[in-house]
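Trainee: I have a new structure open and don't know where to begin. Can we go through it together?

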Amino acid sequence: RKGLASFEGVKRRMEVIANTDDVTVVDDFGHHPTAVTLTLAAARKRWPGRRITAVFEPRSATSRRNIFQEAFIEAFSGADHVVIGTHARLAEIEESKRFSPEQVANALRERGLVASAPGDVDGILSYFTEAYRKGDVIIVFSNGDFGGLHGKLVEKLGAGA
């Protein structure tokens, strides 16, 4: 009981890294459609009534391939706003088998979501200059450091921890 009372959660699984009245920034290791689906469903329960923004880096060996692309489209449909980044290693995958951030964003827009594929970390940060709304919950999905995006978002949006 003592241990459970002090348990703060697992690192990189819905780990809140900044939380203010303006924005909540969350780090999540999710890099598979099932993990994304479950995390977004949990976020809806944890932050009811707030806009949920999913930011995704296709970094893992499987997420860089289009084998799960349709499943990712389904998974990200659980968010209100989706930002699909890129990763340098996408170019290692044959184009016919490569995950396409643009195709995912287009499919999500066709479903009525706000979605964008602004490219690298700098493109994502620039995108958030216009796309951010006070009160957003921004969940960053990556199995890596995403080029330091988490901290850069916190700095850019003024969401001190």
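Mentor: We will take the overall fold, then one helix, then two single residues.

Trainee: What kind of model is this, and how are residues numbered?

Mentor: It is a predicted model, where local features need pLDDT of at least 70 and side-chain atom pairs count only at pLDDT 80 or more, while totals for chains, interfaces and linings use all residues. Residues are numbered from 1 along each chain as its sequence is written, and side-chain values use heavy atoms, with hydrogens and water left out.

Trainee: How many helices and strands does the protein chain have?

Mentor: Six helices and six strands. Helices (H or I, at least four residues) and strands (E, at least two) are DSSP runs, numbered from the N terminus. Along the sequence the pattern is α-β-β-α-β-α-β-α-β-α-β-α.

Trainee: Why does a radius of gyration of 15 Å agree with a compact globule?

Mentor: Because a compact globule with 161 residues would have a value near 15 Å, and the protein chain has 15 Å. The radius is taken over C-alpha atoms, and the globule rule is 2.2 Å times the number of residues to the power 0.38.

Trainee: How much of the chain is buried?

Mentor: Of the 161 residues, 48% count as buried, meaning under 20% relative accessible area with a 1.4 Å probe, protein chains only.

Trainee: Now H5. Which of its residues are buried?

Mentor: H5 covers residues 121–131, and its buried residues are Val121, Gly123, Ile124, Leu125, Tyr127, Phe128 and Ala131.

Trainee: What do they pack against?

Mentor: Four strands are among the partners: E3 (52–56), E4 (81–85), E5 (114–119) and E6 (136–141). Helix H6 (149–157) is another partner.

Trainee: Which residue caps the N-terminal end of H5?

Mentor: Asp120, with a side-chain oxygen 3.3 Å from the backbone nitrogen of Asp122.

Trainee: Different topic: where is Gln69, and is it buried or exposed?

Mentor: Gln69 lies in helix H3, residues 69–76. Gln69 is buried, at a relative accessible area of 7%.

Trainee: Which residues does Gln69 touch?

Mentor: Leaving aside residues up to four places away in sequence, Gln69 touches Arg98, Phe99, Ser100, Gln103 and Val104. Contact here means heavy atoms within 4.5 Å. The Gln69 side chain also makes a polar contact with the side chain of Gln103, at 2.9 Å.

Trainee: Last one: what about the phi of Phe146?

Mentor: Phe146 has a positive phi of about 55° although it is not a glycine. Phe146 sits in the loop between E6 and H6, and is buried at a relative accessible area of 1%.

Methods
Buried < 20%, exposed > 50% of the residue type's maximum accessible area, 1.4 Å probe, protein only. Polar contact = N/O pair within 3.5 Å; in protein donor to acceptor, adjacent residues only side chain to side chain.
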